[in-house]
Structure formats: structure tokens, C-alpha cells
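Let's take a friendly walk through this structure, beginning with its pocket and moving on to its charged pairs. The sequence and coordinates come right below.

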Amino acid sequence: MKGNRLLIGFLIFSTSIILIATLPLFKIQHIDITGTRLLSPLLIKEGTSSWKGRHLLFFTFFSHAKQDLKKQFPEIEHCSIRLRSLNKIHCHITEKKPWITILVDGKSHFISEDGTLLSHYQTTQIQIETMLIVRGIAPEEFYNNRHHSWLTSIRPLVALIQNKLYDHVIQLEKNKINQWVLLKDDTLPILLGPLSSVTESPNRIKQVITQLEKFNRPRKSITYIDLRQPPKIIVGYNR
């Protein structure tokens, strides 16, 4: 008797699984996308088009949909997928924030703090005027270095600018002899020298930029400031 009950229960369970696996009712027909600001919703819909027609079980138990979507769009920081009904899912996306702008070969490239190239973003939606611009990175160094080791090396300097000097600096440039220059207010060059010396004395850079008025001279304007020979501060004036 007990065996018959178990058999009947197994048959019912098996039949239910077969029905769930075959009925169109349980296949994805609708996908809602939310959370996008810089990524085009239409672009994400194209990236998720292959999800339609797949069974709900694909998403519920052994889905690689999140990883696949993040692989297509590295700009995605986080992706959550939720079932809304028997044939509808909701995908919410959290985007990576643009961190700095790199100018290479006359083109602007937006980079997140983890080094991701944000190539799919709608650039018209990014507030470029408030972002730090970095120049002087060689094309081969930028395009061929997948892990952006150069980015790791300038991170302390970028952090100093963004946290302490946000109102004063808009550009950071690497010159032909691998030395760095800050452009205060987009006009006044501050010569920093090699990166190793820059990261050792960030407070000195901050002090010079925030107290620039003490270097003013009557009827003269400052043309450059040279910090490459610490502790000296060399100030150039127009004649």
C-alpha cells in the first residue's frame, strides 16, 4: 500500500515536471530592464534577446545569464534577475561610474575606477566637464595593456586631485620624458616630475595649489610652477 502511494506520488511529480518543462506558459516571453542610465536600454534588450523562449528553470536554478550579460557589457557592476510571473522576468542593472577621461589619439575614453573601458556608454549623458582629464598615455600602452598597469601607478595622484584639489585641477598630463604635469584651472602648468616623487609628497602639491596667492607678484602673472626639485618651489613669471 505504501509502495503504491510512493509510486503514485512519483508519477504525479514526474508528470508535473514534464508539463512545466514543455508548456509555453513557463517560457520567458517578457523581459523588463531597469537601472540603466548611461547604458542604452535598447542595447541591453538586444543583449538579452537570447533569453526569450528559454525555460524559467534556466534562470531559477542554473542560470549563467548574469555572467553572460556582464561579459557582453563590462560596464555593469551588478545585475539582479527576478521572476515577475510565469513568463516574465525583471533585470535590474547597476552601472559602473565613470572615473576619469583618457585622451588617446584625439579620442576620449571613459574609465571606471577598476580600469574598465566604458565603451558602451552614451557619452552625451556623462558630465564630462566635471571629470579629470588624463593626457599623454601612449596608444600602445593604453590599447595593449589589458590590466592598465599605468592606471594603478597614477591612482594615488588621481585620488589626491579628486579628493583634495577638485576645485583646482582639471587635467593631468604625462609628457614625452615620462614626467607628470598638472594643469590648474586648465591653464597654469605645475611640473611634478616622475610619478615616484609625486606620490611621496602629495601634501606639498596640495599646499602649493591651495595657497597659490602667496606667490603672486605686483604686475606679474605666474606662468608655471616647478616642483621637480624638492623641497624647492620654482615659480616662473611673465616678463
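In this predicted model, the largest pocket holds about 450 Å³ of space. Its lining is made up of 21 residues, and those nearest the centre are Lys97, Pro98, Trp99, Met131 and Gln162. Which elements give two or more residues to that lining? They are β4 (98–104), α6 (149–164) and β7 (169–174). If you are thinking about the chemistry of the wall, the lining residues of the largest pocket divide into 10 nonpolar, five polar and six charged.

**The chain as a whole**

Stepping back, you will find eight helices and 11 strands in the chain. There are 239 residues, and 37% of them count as buried. The accessible surface of the chain comes to about 14,800 Å², with 55% of that area belonging to carbon and sulfur atoms. How are the contacts spread along the sequence? Taking contacts between residues at least 6 apart in sequence, 52% join residues at least 24 apart.

**Charged pairs**

Side chains of opposite charge can pair when their charged atoms come close. Counting a side-chain nitrogen of Lys or Arg within 4 Å of a carboxyl oxygen of Asp or Glu, the model has five salt bridges. Here are some of them, with the N to O distance and the spacing along the chain.

| Salt bridge | N to O distance | Separation in sequence |
|---|---|---|
| Asp32 and Lys88 | 3.2 Å | 56 residues |
| Asp114 and Lys96 | 2.9 Å | 18 residues |
| Lys174 and Glu141 | 3.6 Å | 33 residues |

Let's take these pairs in turn. Asp32 sits in strand β1 (residues 30–34) and Lys88 in strand β3 (residues 88–95), and this pair links distant parts of the chain. Are the two partners buried or exposed? Asp32 is partly exposed, at a relative accessible area of 31%, and Lys88 is also partly exposed, at 28%.

The pair of Asp114 and Lys96 joins two loops: Asp114 lies in the loop between β5 (107–112) and β6 (132–135), while Lys96 lies in the loop between β3 and β4, so the salt bridge ties together parts that are 18 residues apart in sequence. Lys96 counts as buried because its relative accessibility is 12%, and the cut-off for buried is under 20%.

For the remaining pair in the table, Lys174 is in strand β7 and Glu141 is in helix α5 (residues 139–144), and here too distant parts of the chain are linked. Lys174 has a relative accessibility of 16% and is therefore buried, whereas Glu141, at 25%, counts as partly exposed. Strand β7, home to Lys174, is also one of the elements that give two or more residues to the lining of the largest pocket.

**A residue in β1**

Strand β1 deserves another look, since Ile33 lies there too. Is Ile33 buried or exposed? Its relative accessible area is 15%, so Ile33 is buried. Which residues does Ile33 touch, leaving aside those up to four places away in sequence? Its contacts are Ile44, Lys45, Thr48, Cys91 and Ile93. One of these, Thr48, is 15 residues from Ile33 along the chain, and the C-alpha atoms of the two are separated by 9.5 Å.

Note on methods:
Residues numbered from 1 in each chain as written. Predicted model: local features only at pLDDT ≥ 70, side-chain atom pairs only at ≥ 80, totals over all residues. Heavy atoms only, no water. 1 Å grid on protein atoms, 1.4 Å probe; cavity = no way out; pocket = protein on both sides within 12 Å on 5 of 7 lines; lining within 4 Å. Points joined across faces, edges and corners; volume = space filled by probe spheres on them. Helix = DSSP H or I, 4+ residues; strand = E, 2+ residues; numbered from the N terminus. Nonpolar A, V, L, I, M, F, W, Y, C, P; charged D, E, K, R; others polar. Buried < 20%, exposed > 50% of the residue type's maximum accessible area, 1.4 Å probe, protein only. Contact = heavy atoms within 4.5 Å. Areas by Shrake-Rupley, 256 points an atom, 1.4 Å probe, with all protein chains shown as cover.
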